Structure formats: C-alpha cells, structure tokens
Amino acid sequence: MDVIQHQDPTGQTMVARWPQSGTSAIKIGSQLVVEESQQAVFFRDGKALDTFGPGRHTLATQNLPFLTELLGLPFGGKSPFQAAVVFVSAKTFLDLKWGTKEPVMFRDAELAMVRLRAFGKFAVRVRDAQLFVNGVVGTMGVYTTDGVEDYFKDVIVARLNDLLGENLTSIFDLPKVYDELGVGLKARVADDFGKYGIELVDLFLGAITPPEEVQKMIDERAGMAALGDMNAYLKFKAAQAMGDAAVQGGGGEGGGAVASGMGVGVGAGLGMMLPGMMKDAMQGGGTAPPTPPAAPAAAAPGAADPPAATPPPAAGPPTDEAAEGSAAFCHQCGQKLPAGARFCPACGNRVAE
C-alpha cells in the first residue's frame, strides 16, 4: 500500500510537491496522510481537482469521484493513474521581516527633505491553498517563506511611502502615531496579500528613523532646547572646548610643549572672554559691578594746556587778633583769663559764665 505524505523539519516550507517534478503513478487504494497544519491539493493533467484537509484519506472512487471516469474496467478498478499532490502548510508563519533597501525621501515640515529608513515584521498564513499554489508557487517543487518575504516586503515599503506622505507632517510626530501608522499600513497591504490566497495575520512597524547624521543634528537641537538659551549654550560649548584643549596632553616632550603652548594661548583667550561672560551673567540676574571713574582724556597734540586747578589755602598758625577776639577777661580786675578758667588767677573772683 502506497502512503503519500510530507513532513517539514525546517518549519519554513510553505509548499512541497509530491513528486517534486512531474507526476507519479498513484494506485487506487493508496493512503494520503495530511498533517493537522496542512492541506493537500490533488493535481492531474495540470489541474487542481480537489483539496484534502487533515487526516488519512484512502484514494478511491468514493472520495475521488473524478477518478471514476479515468479507471478502465479492464484493470478491475486497480489501475494506476498519473497525478501529483501539493502539500500546503496552513500554519502561521511568524517573524517575517520587511524593511527599506534604500532610504526613502520624505518632505518634513520642519527639516525640509529628509531620508528615512523603516523596518518591521509581519506574519502570514495561506488562506486559499489552490489560489496560492496556482498564483504563486506554480510547478515549483518546494516553496519557502523566503519567496513571500522577498516579494511582499517591497509591497509593504511602497504602501508605507504613500501612508507617510498622507498622514505625517514631521518625523518629530512619529512617536505618537506609530500605532495608527501600523494599523493603516496593515489595512492597505491586506488586499495585496489576499489576492494571492494569503492572509496577513499581523504587521508591525518596528521603527522609522532618519540617517545617523540627521539623528545627531536632532540630538543637538534637543540639547539646545533643554538649555533654553542658545547664546549661553554656544558660550558653554566654546569654554568647554578650550578647557579640554588646555588639559589635553600629547605624548612625549614635543606633545607636552604643544599642550603647554595651547594652554597658554587658550588661557589668554579665555581671559579675554571671561569678562564678557561675567557681564552677561550679571545682566541676566545679578547686580552690575560698580563702574570705575573715567580717566581724563589725553590731550591732543598741539592743543593748549588746560588751566591748572587752584589748590585750597593752607591753614597757618592763629594770628594775635584772632586770639584776642576769642580771649575772656575778668570782670572784676580786667585780667586776661586763660581758656576754660572758671576763677580769675589774679583776683580770685568767680568768672561769670
């Protein structure tokens, strides 16, 4: 008794033909074993005559009515017939990958034209075995997921370009529309899969990214936005670069000399910049330092000398008239009293206050 069956140890075979090329003689009464995750399409004379589901099937005129016309009475109903069986896997094939081979151009509202790369995964299964075999596989002996992956990843990328152009204005909005883009992309490509007898079970949008150089520019922009002050950021970067150059030493004596020279030059430059930085910092939130008095302007050559300032008169010793004007005398004897005396040194009378 002949047994016709196929088992796939790789798990990646979508279609396997028995025999792998042409047809083979199948006797009435042969056993056709179809696994739980398979369908078997019976071919004769290049036409798909019937599809068998999971289970053991005895090939007889009862389950193959078309054989009745083929069997000749001279063979007693046991004559062989030429046919082929195509086993189609009905399981879901996961972890199929898609992605852009080359960056696609996108008109961004903030970055103008930018190139984008995108990638993701998808999962499929064969929904209509006869349609899939006749439309995709043909007479190939074995058909794996590589064929589906190679073709449909280009279809997905083509539909993604349209979707991005219609629903996205800037790549900065991507984080909040990933799910919507994934659902929309799956809906757009589902018909492309369906017309070949394939059901698109899942489609995931892994990431949409600009080239590495654009990512660096975006990171720089985000850093400046975090600082909040472009002028302060530029000054900070300049001071940081000079400081790094000053402390960076080279190898050997020559390197040390170069580093020393750089340190002197950078120090001088930093000294010239620091007053301006401090001034800006003080104007930003502190109190301005006191302004020193301005130096007198230098006289122009040939101009007349300015008049010299007159010095104040020097204080000299007190004159006799001044001493006499301020002296007191005793009202009893008329004797001159010393300063601060309360009694007359001549007559002893009390001095009137």
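**Close-up views of a predicted protein model**

**Figure 1. Confidence along the chain of the predicted model.** The protein chain has an average pLDDT of 76, and 68% of its residues score at least 70. Residues 284-290 stay under a pLDDT of 50, and the model gives this stretch four contacts beyond four places in sequence. The pLDDT is also below 50 over residues 292-304, a stretch with zero contacts beyond near neighbours in sequence.

**Figure 2. The largest pocket and its lining.** This pocket has a volume of about 210 Å³. Its lining includes Glu110, Leu111, Phe172, Pro211 and Arg221. Strand 11 (112-126) and helix 4 (212-227) each contribute at least two lining residues. Helix 4 provides the largest share, namely five residues. By character, the lining consists of eight nonpolar and four charged residues, with no polar ones.

**Figure 3. The second largest pocket.** The volume of this pocket is about 150 Å³. It is lined by 17 residues, of which Asp8, Thr13, Ser37, Gln38 and Ser89 are the closest to its centre. Strand 2 (13-18) and strand 8 (81-89) are the elements that give two or more residues to the lining. Strand 2 gives the most, with four residues. The lining comprises six nonpolar, eight polar and three charged residues.

**Figure 4. Glu180 in helix 3.** Glu180 lies within helix 3, which spans residues 178-194. Glu180 has a relative accessible area of 51% and is therefore exposed, since exposed means over 50%. Glu180 and Leu205 are separated by 25 residues in sequence, and their C-alpha atoms are 9.9 Å apart in space.

Technical notes
Residues numbered from 1 in each chain as written. Predicted model: local features only at pLDDT ≥ 70, side-chain atom pairs only at ≥ 80, totals over all residues. Heavy atoms only, no water. Buried < 20%, exposed > 50% of the residue type's maximum accessible area, 1.4 Å probe, protein only. pLDDT = per-residue confidence, 0-100. Contact = heavy atoms within 4.5 Å. 1 Å grid on protein atoms, 1.4 Å probe; cavity = no way out; pocket = protein on both sides within 12 Å on 5 of 7 lines; lining within 4 Å. Points joined across faces, edges and corners; volume = space filled by probe spheres on them. Nonpolar A, V, L, I, M, F, W, Y, C, P; charged D, E, K, R; others polar.
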